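User: Please take a close look at a single part of this model and describe its surroundings. Then go on to one of the sheets and what packs on it.

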Amino acid sequence: MNIRNIKTTPFTDQKPGTSGLRKPVTVFQKPHYLENFVQSIFDSLEGYQGETFVVGGDGRYYNRQAIQIILKMAAANGVGKILVGSEGILSTPAASCIIRKEGAFGGIILSASHNPGGPEGDFGIKYNIGNGGPAPEKVTSAIFEQTKVIDTYKILEAADINIDRPGSFKLGDMSVEVIDSVESYLELMDSLFDFDRIKEFIASGSFEMCIDSLHAVTGPYARAIFEKRLGAKEGTVKNGTPLEDFGGGHPDPNLVYAKDLVEIMFSENAPNFGAASDGDGDRNMILGNNFFVTPSDSLAVITANAKLVPGYKDGLAGVARSMPTSAAVDKVAAKLGIDCYETPTGWKFFGNLLDANKATLCGEESFGTGSNHIREKDGLWAVLFWLNILAVRQESVEDIVKQHWQTYGRNFYSRHDYEEVDKDPANELMDRLRSMVGEMKGKEYGNYTVEYADDFSYTDPVDGSVSSKQGIRIGFTDGSRIVFRLSGTGTKGATLRLYLESYEPDASKHDRDTQEALSDLIALAEEIAQIKKFTDRDAPTVIT
Ligand code: VG1
Ligand code: CO
């Protein structure tokens, strides 16, 4: 076995963000850049020698090259066995599923999720632990510490492996299994949902749907599940072939970037149901005929209807949502008499709650929903959950959501993103807010009185770890709220996220336009934070 020890020097910018290390492809292509990070992962772990790891990615540009490098480095570092998705493809939820099913030590997922791909786009790498979930902060911090002191990495000198189809190989002493990317995931979905009933529902002919994979990783999964297994007609899955640059688009399932699907779903003879997923398959957008379901509402509806779905019919241990996610699910949890946890942004904070069986369902406003079936959010799982509900209730998406609002009230919700603004003024805006919140309680702004204002800090109820500075939140006495955060996934400048929420119990006011319903709060956010001044922008880049 020819293991080479390569001398290297640290890069100073390898701190993982909300979800792994994300940088432009050109940065990852710098000599030693990827290798330093991978070696730092191994150097921060203990007891992995001889163990199994899972590796795969969303198929974006540089995925294949990165996988070959990781395989050779894993072999040189004493890993026992690696499971790789065929063609290097594993959606993030599928990787989580396989780590759990195979009892792997961990996994390396290659994705920059919803960020654009291609030679000029972004690439990313993320380490997941043995529970199948994103490494918690103590692990990502340990990796970051290693990246600051690394001086050598190990790599096996060997030819590339053919990862294009399932098969078994040896790299030095390490076994490599190239596995079917879809099989285990499909099996897991089959165990949770009433596939026969959904199949019957689709076959009835009264229901049409449209799934947009945005040329990203879910294509093969969606075709196998919806078209082959559940009998939806061919062509139901649009843009189903993963492309290295996602066809030039943003693989981000929201009203702005999934515009082809939005056009179809908001046309005159729209299908009954539409959905899209992101680059790595962990996000979902749910649409009905001329109707958009906000992710926060989707989580609430799923929670309220969970008893209709076989995998969840015996009840829920609890629910969890990220802090900026609307409180719609809190209302459902209160009615069900179960706990509702509020965590910082990022799926890694749900891991402990799921492991400890404190929460069964989790969600984020950023089009992420999931459950204890894996330890990542799961786009197609959410689509199947909705299909199962629709098959049982035989009502339209719009009717289901509107009835939900009637029962629980409506949480009007929107997120305004100011993307790629200058870093320094963005930090200044946040620092200024941070210095203001201490004195805000009781303050009046027009009709609004501040009930609480703080920089969100979270103490994990399972291991007691504390994560501070997780976003400025200002809550008002009428239940409305504004939240400010800087993104931890962007790769250019800073992205300011403004989250707006107001609660409307009166059903006669539920049909209002969201931006209009939130207009006072939008103006108030500007008044308090001086967004225009600090971002030098008149309007947000993306409104969801
Ligand atoms: C964003 C979302 C967050 C999500 C994260 C990763 O993070 O707001 O809710 O967990 O992306 O999702 P940020 O720090 O940019 O706000 V994914 O699908 O990009 O892995
Ligand atoms: Co994603």
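Analyst: Beyond its neighbours within four places in sequence, S86 is in contact with I163, D164, R165, P166, V178, I179 and S181. These contacts come from a predicted model. One of these partners, D164, places its backbone oxygen 3.3 Å from a polar atom of the S86 side chain. S86 itself is part of strand β4, which covers residues 81-89. Its relative accessibility is 11%, so S86 counts as buried; the cut-off for that class is under 20%.

Now to the sheet. An open sheet is formed by four strands, in the order β16-β15-β17-β18, with mixed pairing. Its edge strands, each pairing on one side only, are β16 (339-343) and β18 (368-371). On average, and with direction ignored, neighbouring strands of this sheet are turned by 15° against each other.

Within the sheet, β15 (residues 318-322) and β16 run parallel and are joined by five bridges. In one of the pairs, G318 has D339 of β16 as its bridge partner. In general, strands of a sheet pair through backbone hydrogen bonds, in either a parallel or an antiparallel manner.

Two helices remain to be placed. Helix α10 (residues 295-304) packs on the sheet and touches β15, β17 (361-364) and β18. The direction of α10 makes about 170° with that of β17. Helix α13 (residues 379-393) also packs on the sheet, where it touches β17 and β18. The direction of α13 makes about 80° with that of β18.

Note on methods:
Residues numbered from 1 in each chain as written. Chains lettered and ligands numbered in written order. Predicted model: local features only at pLDDT ≥ 70, side-chain atom pairs only at ≥ 80, totals over all residues. Heavy atoms only, no water. Buried < 20%, exposed > 50% of the residue type's maximum accessible area, 1.4 Å probe, protein only. Polar contact = N/O pair within 3.5 Å; in protein donor to acceptor, adjacent residues only side chain to side chain. Contact = heavy atoms within 4.5 Å. Pairing = 2+ DSSP bridges. Axes fitted to C-alpha atoms, helices over the stretch in contact; angles between N-to-C directions.
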